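Open the model in your viewer and keep the sequence panel visible. The stops below go from one helix outward to the rest of the chain.

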Amino acid sequence: MERRIARVNISSAGGTASSDSKTCKITLPTTWVEALGITEKRRELKLTFDGTKIMMSRILSGSEFAEQQLAQGHEVRALRLYDRDALCSTIYADFTAQTVIVENQAVPTIKTAFGNNLLPNWEDFQRFLEERCIPRQRAGLREYLETLGLDEYDPLAIIEKTGGRMAEDQQWLTIEVLK
């Protein structure tokens, strides 16, 4: 592991920001940036702050994420959310590590799986699955599950049977187990 000491450049924010606003920048070694696969066309990073340290990582495409997780022997599925015939979002879900990556298409944000949230976590994913199912509190739930051939309330299993179709909208899901 290579280490360096960097200095944070702090300057006035400018533009329409308030007079006491600041902007902070750090210069990174080019070799590190190149090793991460950052290019002028692909330069978005995911920043994580745990209260004591900042971590940076390149945002993986869904297929890169899936390939990486499958290589570790993880169970990975691709869920595709459609509105009528238009693909809205592809969710790559690692059921072993309980992590997700979403790729949204150029559709209205309201049609995407997680709206404005581009970095959903496992809890967000679980909430999304439940939103595409009959509510847990619905009267007659037991009969509904029996009709589907299910013994318990499992949002993923319900979606596999129903395609995640709801009476309120034209959205539906496909689920693919990746190998």
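Is α5 mostly covered or mostly exposed, and how many of its eight residues are buried? Select α5 in this predicted model: the helix is mostly covered, with six of its eight residues buried. The buried ones are Pro155, Leu156, Ala157, Ile158, Ile159 and Thr162. To see what lies over them, show β5, α3, α4 and β8 (171–178), which are among the elements that cover these residues. Just past the end of the helix, Gly163 has a positive phi of about 70 degrees.

**From the helix to β5**

Now pick Glu160 and Arg77. Their side chains form a salt bridge, with 3.1 Å from N to O. Glu160 belongs to helix α5 and Arg77 to strand β5, so this pair links distant parts of the chain, 83 residues apart. The two ends differ in cover: Glu160 is partly exposed at 48% relative accessible area, while Arg77 counts as buried at 13%.

Stay on β5 and move to Asp83. Asp83 makes a salt bridge with Lys111, and the closest N and O atoms are 3.4 Å apart. This pair also connects distant parts of the chain, from strand β5 to the loop between β7 and α3, across 28 residues. Asp83 is buried, with a relative accessible area of 12%; Lys111 is partly exposed at 28%.

**The nonpolar cores**

Next select Leu79, Ile91, Phe125 and Phe128. These residues have the most contacts inside the largest nonpolar core, which has 25 residues. At least two residues of this core come from each of β5 (76–83), β6 (86–94), β7 (99–104), α3 (122–131), α4 (141–148) and α5 (155–162).

Centre the view on Leu79 and display its neighbours. Leaving out residues up to four places away in sequence, Leu79 touches Ser89, Thr90, Ile91, Ala93, Phe125, Leu129, Leu156, Leu173, Thr174 and Ile175. Another core, of eight residues, lies apart from the one around Leu79; Phe65, Ala66, Ala78 and Ile101 are among its members.

**More charged pairs**

Go to Glu130 and Arg136, whose side chains meet in a salt bridge at 2.8 Å, N to O. Glu130 is partly exposed at 31% relative accessibility, and Arg136 is partly exposed too, at 44%. Then select Arg42, Arg58 and Glu64, which are joined into one network by salt bridges that share partners. A search of the whole structure gives eleven salt bridges.

**A nonpolar patch on the surface**

Switch to a surface view and select Val8, Ile10, Ile26, Leu28, Leu47, Phe49, Ile54 and Met56. Together these residues make a nonpolar surface patch of about 810 Å². β3 (45–49) and β4 (54–58) are the elements that give two or more residues to the patch. Val8 sits in the segment before β1 (9–12) and is partly exposed, at 42% relative accessible area.

**The whole chain**

Finally, zoom out. The protein chain has five helices and eight strands, in the order β-β-α-β-β-α-β-β-β-α-α-α-β. Its radius of gyration is 21 Å, well over the 16 Å that the globule rule gives for 179 residues, so the chain is more spread out than a compact globule. The C-alpha trace spans about 65 × 40 × 35 Å along its principal axes. Of the 179 residues, 32% count as buried. The chain exposes about 12,500 Å², and carbon and sulfur atoms supply 50% of that area.

Technical notes. Residues numbered from 1 in each chain as written. Predicted model: local features only at pLDDT ≥ 70, side-chain atom pairs only at ≥ 80, totals over all residues. Heavy atoms only, no water. Patch = residues over 30% accessible without salt bridge, like charges linked within 9 Å, V, L, I, M, F, W, Y side chains within 5 Å. Areas by Shrake-Rupley, 256 points an atom, 1.4 Å probe, with all protein chains shown as cover. Salt bridge = Lys/Arg side-chain N within 4 Å of Asp/Glu carboxyl O. Helix = DSSP H or I, 4+ residues; strand = E, 2+ residues; numbered from the N terminus. Buried < 20%, exposed > 50% of the residue type's maximum accessible area, 1.4 Å probe, protein only. Rg over C-alpha atoms; globule rule 2.2 N^0.38 Å. Core = buried A, V, L, I, M, F, W, Y, C linked by side-chain atoms within 4.5 Å. Contact = heavy atoms within 4.5 Å.
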